[in-house]
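Which parts of a multi-chain model touch one another, and how are the chains themselves built? The report below takes up these topics in turn.

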Amino acid sequence: MISDNTKGKVKLTVLRIIVYAILAFLVFLCLFFFYLMIVNSSRSNAQLASGFTLLPKENFFTNLKNAWNDASINIPRGMLNSLIIALATAVLTTYFSALTAYGIHAYDFKGKRLVFTFIMAVMMIPAQVSALGFVQMMNELDLTNNYIPLIIPGIAAPVVFFYMKQYMESVLPLDLIAAARIDGSGEFHTFNFIVLPLLKPAIAVQMIFSFVSSWNNYFIPALLLDKAELKTVPIMIAQLRSADYSKFDMGKVYMFILLAILPVLITYILLSKSIIKGVTAGSVKG
Amino acid sequence: MKKVFAILLAALMLLSVVGCAEKTPSTPAATKAPDKPAEQGKVFNIYAWNEEFKGFFEKYYTIPEGVTVNWIINPSDNGVYQQKLDEALRNQDKASADEKIDLFLAEADYIGKYVNSNYTMDVTSFGFQNAPTQYEYTIKAASDDNGVCKGVSFQCCPAAVIYRKSIAMDILGTDDPVEVQAAMDNWEKFDALAAKAKEKGYYMTASFAETFRAFSNNCTKPWVDADNNLQFDPQITAWMDQTENYIKNGYTLTAGIWDTEKTNEMFKAGKTFCFFGPAWYYNFCMNNAMDPENGCVGDWRIVKGPQAYFWGGTWLLAATGSDNTDMLKEIFETFTVNEDVCSKLVSEQNQFPNNTKVVEKFAQDSSYGNTAILDGQNDIAIFAELAKDIKWENHTNYDQLLNEGLQNKLQEFYNGSVDKETAMKNFYNYVKETYANINVPEA
Amino acid sequence: MKKHANGSGRLPDRQLKSVSYAKWGYFFIIPFFVVYICFTLVPQFLTIYNSFFENYRDGLNEIGPNYVGLDNYETLFTADSSGTIRILKYTSNTMVMWFIGALPQFVIAMLLAIFFTSARLNIKGQGFFKTVIYMPNLIMAAAFSMLFFTLFSRVGPIQALLVEKGWIDASFDFFSHRITVRGMIAMMNFLMWFGNTTIVLMAGIMGIDQSLFESATLDGANAWQVFFRVTLPLLMPIFVYCLITAMIGGIQMFDVPQVLTKGNGAPNETTRTLVMYLNGYLANKNYGMAGAISVIIFIVTGALGGVVYRMLSAQYKDSSRQRRQRKGDVI
């Protein structure tokens with residue numbers, strides 16, 4: 001018995017070591033490239049041309065200043081633009097998804113099942129397949145170089161809707177709504193002041209996710225925006241690959257990349273717990 | 001009831017589709033903005049593909065009070081600049097006065113597309129007269145098939161060979177421009193020199209496409225013939241042969257012409273002998289050579305090289321519908337006939353201006369020398385000689401993307417990822433995809 | 001009684017609602033549908049409509065639109081001079097790159113999910129590990145790709161390091177070999193998604209009734225048997241769901257290869273994806289061809305989406321039923 005137990009313990013220890021080794025390797029993979037990015041954003045162009053190093057150099061703030069003040073890639077402006085679009089999208093997406101979900105959750109109306117089925121059916125269709133018509137239409141409506149086509153479509157977000165619908169089923173008893181009615185609360189009032197506060201956790205999580213996906217979105221904005229003062233961060237980052245910017249010093253390039261991902265990174269570090277919780281809650285429940 | 005809803009929904013969709021379809025075929029409205037608006041606009045919009053001209057504009061042109069200048073800048077790679085510009089020009093009619101493009105920049109490789117369209121306007125319509133001091137080819141390039149001029153160039157772009165003095169000394173035993181030129185005044189000698197450089201451990205050039213312009217801008221037939229068939233000029237095939245040979249022998253690198261790998265060769269530690277470029281090349285491409293720590297300012301000289309050519313050039317074109325025509329006239333004058341500004345472009349920016357009088361002045365001036373990079377050599381004198389021979393011919397509207405595409409696809413052959421046949425096949429596919437109307441061999 | 005998706009089954013509520021409040025349901029869903037129709041449905045129909053027309057640019061002039069029936073589709077599926085049907089080549093590029101990223105993604109995610117949920121292993125610092133492995137998922141794909149480009153370029157630090165160690169030749173170019181470029185793209189996709197999959201699978205495992213494991217162990221099943229006989233079958237729906245959504249994501253692959261290869265899909269177009277192909281035509285304003293490609297992508301994602309839809313609605317019915325059973329339960 002005892003020897004069996006010890007054997008089991010040894011086996012477990014070995015297994016643990018292997019598991020931790022695998023985890024350590026994966027952590028290394030996840031962090032290594034970003035670490036190199038930070039190191040390289042602290043090196044001058046000449047230092048960068050001289051090869052590989054793991055140690056940061058002293059030019060971080062020089063590069064930051066150069067990148068921040070660069071005339072052709074106006075990164076502060078891009079960050080501001082991205083921030084405006086992403087925030088607006090996040091607010092609209094979560095509010096209207098909750099509204100739609102509530103409409104289906106709380107009311108019985110004719111065609112409700114059809115509506116629900118429809119939203120579920122189109123949930124997986126990517127934006128790219130209607131991009132052509134979308135861009136054409138925006139051209140016709142004179143909405144290129146405008147944030148409307150980047151923000152307003154967020155109102156119809158089937159995935160967020162589905163999440164909200166599921167969440168409501170677990171937290172929103174219909175009795176509560178009935179009680180509110182008896183108290184004389186109007187329907188929109190009930191939604192805005194009684195239901196929404198109950199959805200706070202779901203709204204917070206979905207706001208973060210829609211903020212991030214809007215911040216990172218490249219395909220559609222690149223087709224619609226061309227004025228320098230309207231460009232978003234991903235467009236600017238993609239431009240770093242083109243010839244006319246090749247004269248850039250590489251330290252600056254690394255700094256641009258760092259700046260592009262920094263806001264999301266900071267948000268993540270602050271809120272990682274609830275974000276990770278949101279990942280599971282959003283998709284499939286066991 | 002479900003059905004009713006479904007039908008309603010379908011009807012709504014149909015309605016919107018029809019509504020949109022009706023509007024879809026967009027043809028530029030026939031109404032043209034009046035040629036001479038009495039009132040001048042308050043917003044001046046400029047389309048450009050990089051910051052080069054913006055720098056000069058902000059430095060040497062005084063913007064009239066109350067006017068805001070907007071720069072709309074998109075990179076030219078993969079034709080992005082042309083695509084964005086085309087779309088804006090096609091919408092010019094319906095844009096409000098402040099949204100209309102007033103001025104846009106165009107490069108030699110595709111300027112024809114714009115000057116031969118109604119989207120650009122005759123410079124004389126707002127009172128600008130080309131001066132005899134402008135290089136003739138720059139006027140020809142900016143004129144349509146009937147000779148109506150639509151804009152000006154602020155530079156003239158004769159190009160030459162810029163070489164490293166110290167490497168010349170090592171290879172040839174001399175760094176004197178006259179002797180170096182004698183050692184490379186035709187392609188056979190240039191190739192022989194490349195072999196010699198290789199023996200000493202140097203590269204002749206730092207990019208497979210370095211010599212492309214020296215060949216391509218001497219073509220005797222355009223990329224596309226009268227029947228829209230793609231054709232290869234002997235100069236292009238000569239470049240391909242030379243490059244294949246250079247790559248095989250290690251005379252050059254597989255880097256593209258704008259790659260960091262190439263520009264890093266301009267550091268002091270670089271092993272590359274020659275770079276090909278015009279006057280704008282110094283500021284635009286040679287930052288690493290001017291690096292305070294690892295650069296090598298003063299270790300450079302310029303010579304004509306094996307074959308006279310020109311490269312690039314930025315034309316300023318007047319957009320039809322502009323409500324800032326007075327400003328257009330002023331800007332055109334500032335960068336062509338204004339001798340003071342043109343002189344400053346030379347002395348402060350090392351540019352080669354589009355003003356023969358100013359050029360002659362610097363060329364004759366024995367006290368003038370380029371100190372930014374050439375350690376006092378008078379490059380203007382060399383460029384001035386070359387500028388006399390520039391001819392404007394055999395250009396098509398497709399040049400930019402055909403030149404770029406050929407280089408991109410062949411690069412894969414040169415770096416060993418595909419054989420030549422595949423590279424050419426990829427090029428043909430690329431052409432077909434980019435320009436549906438061009439016929440390519442066997443595709 | 002008719003089944004309803006909502007939670008409460010109590011009669012008075014129902015009467016109250018259906019009598020006087022049903023119209024509010026329409027009001028609440030109107031914004032969604034108006035926006036969906038304007039910004040997605042109509043563009044979708046326009047896209048399909050365009051695919052039947054010849055419509056492209058010659059310089060500043062627009063050629064067409066001329067109705068050409070299915071010509072664009074025919075062009076799309078016509079082999080070029082060397083016998084390659086390009087859209088098939090790009091489809092297979094896309095799927096191959098997706099697959100070399102997805103294989104380790106799912107294997108490792110499955111392993112990690114088991115490690116993290118194993119009471120016996122009792123892994124410490126799970127919060128930290130989860131935080132780190134999920135992080136790349138939020139990184140801007142364009143920026144991540146640009147970072148890989150700079151790090152792996154001929155003058156980048158990785159090249160310098162490997163040459164210094166003598167592992168590769170100085171002339172080696174990560175961007176001129178099919179295997180390395182595809183490898184980099186797959187690696188980025190892997191890094192961006194394995195954390196996400198791990199977390200979803202973990203939730204799946206934790207959702208399995210613990211008593212099933214206990215009784216299996218009591219019946220003498222060893223760890224492997226428990227995994228293959230209990231965990232895996234019960235996890236299957238979630239696993240398949242993840243797989244198919246990942247596949248749909250894979251078909252949309254664009255930002256990473258586009259930025260990494262500057263839109264060229266080098267070498268030899270082996271990293272050019274379907275959406276990059278679409279993007280090329282979109283940018284050139286060749287609306288006919290772009291429309292036809294869009295329709296193809298639409299059909300493929302639509303088919304895969306259909307599977308997801310069926311799984312979700314089955315699972316959804318289940319969970320609603322469960323919820324009705326556990327009345328008043330609040331998470």
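What follows treats chain C and its contacts before turning to the domains and the sheet of chain B.

The model is a predicted one, and its values should be read accordingly. Chain C has 331 residues, of which 45% count as buried, and its secondary structure consists of 13 helices and two strands. Among contacts in chain C between residues at least 6 apart in sequence, 68% join residues that are at least 24 apart.

Not every element of chain C contributes to the buried portion. Helix α9 of chain C, residues 210–218, has nine residues, and the number of these that are buried is zero, so the helix lies largely in the open. After α9(C) comes C:Gly220, whose phi is positive, near 95°.

**Contacts of chain C**

Chain C touches both chain A and chain B, and the contact with chain A brings together 99 residues of chain C and 85 residues of chain A. Helix α2 of chain C, residues 22–50, provides the largest share of the side of chain C that touches chain A, with 19 residues. In the contact with chain B, 32 residues come from chain C and 37 residues from chain B. On the side of chain C that touches chain B, the elements giving two or more residues are α2, β1 (53–58) and α12 (274–284) of chain C, and α2(C) gives the most, with six residues. The helix α2(C) therefore leads on the side that faces chain A as well as on the side that faces chain B, when residues in contact are those whose C-beta atoms, placed from the backbone, lie within 7 Å.

The table sets out the residue classes of these two sides, together with one side of a contact inside chain B that is taken up below.

| Side | Nonpolar | Polar | Charged |
|---|---|---|---|
| Chain C, touching chain A | 64 residues | 26 residues | nine residues |
| Chain C, touching chain B | 13 residues | 12 residues | seven residues |
| Domain 1 of chain B, touching domain 2 of chain B | six residues | eight residues | five residues |

**Domains of chain B**

Chain B is divided into domain 1, made of 43–156 + 312–364, and domain 2, made of 159–309 + 388–434. The C-alpha centres of domain 1 of chain B and domain 2 of chain B lie 28 Å apart, and their contact takes 19 residues from domain 1 of chain B and 16 residues from domain 2 of chain B. On the side of domain 1 of chain B that touches domain 2 of chain B, α4 (111–115) and α5 (136–141) of chain B are the elements that give two or more residues, with the largest share, three residues, coming from α5(B).

**The sheet of chain B**

Five strands of chain B form an open sheet with the order β2-β1-β3-β9-β4 and mixed pairing. Its edges are β2 (68–73) and β4 (151–153) of chain B, each of which has a single partner strand, so one side of each is left without a neighbour in the sheet. From one strand to the next, the twist averages 20°.

Both kinds of pairing can be followed in this chain. Strand β1 of chain B, residues 43–48, runs parallel to β2(B) and is joined to it by six bridges, with B:Tyr47 standing opposite B:Ile72 in β2(B). Strand β3 of chain B, residues 101–107, runs antiparallel to strand β9 of chain B, residues 314–318, and five bridges join them; here B:Ala106 stands opposite B:Trp315 in β9(B). Finally, β1(B), helix α2 of chain B, residues 52–60, and β2(B) make up a right-handed β-α-β unit.

Terms used:
Residues numbered from 1 in each chain as written. Chains lettered and ligands numbered in written order. Predicted model: local features only at pLDDT ≥ 70, side-chain atom pairs only at ≥ 80, totals over all residues. Contact = placed C-beta atoms within 7 Å. Helix = DSSP H or I, 4+ residues; strand = E, 2+ residues; numbered from the N terminus. Nonpolar A, V, L, I, M, F, W, Y, C, P; charged D, E, K, R; others polar. Buried ≥ 20, exposed ≤ 12 C-beta atoms within 10 Å, placed from the backbone. Domains from an automatic or database assignment. Pairing = 2+ DSSP bridges. Axes fitted to C-alpha atoms, helices over the stretch in contact; angles between N-to-C directions. Right-handed = clockwise from strand over helix to strand, strands pointing away.
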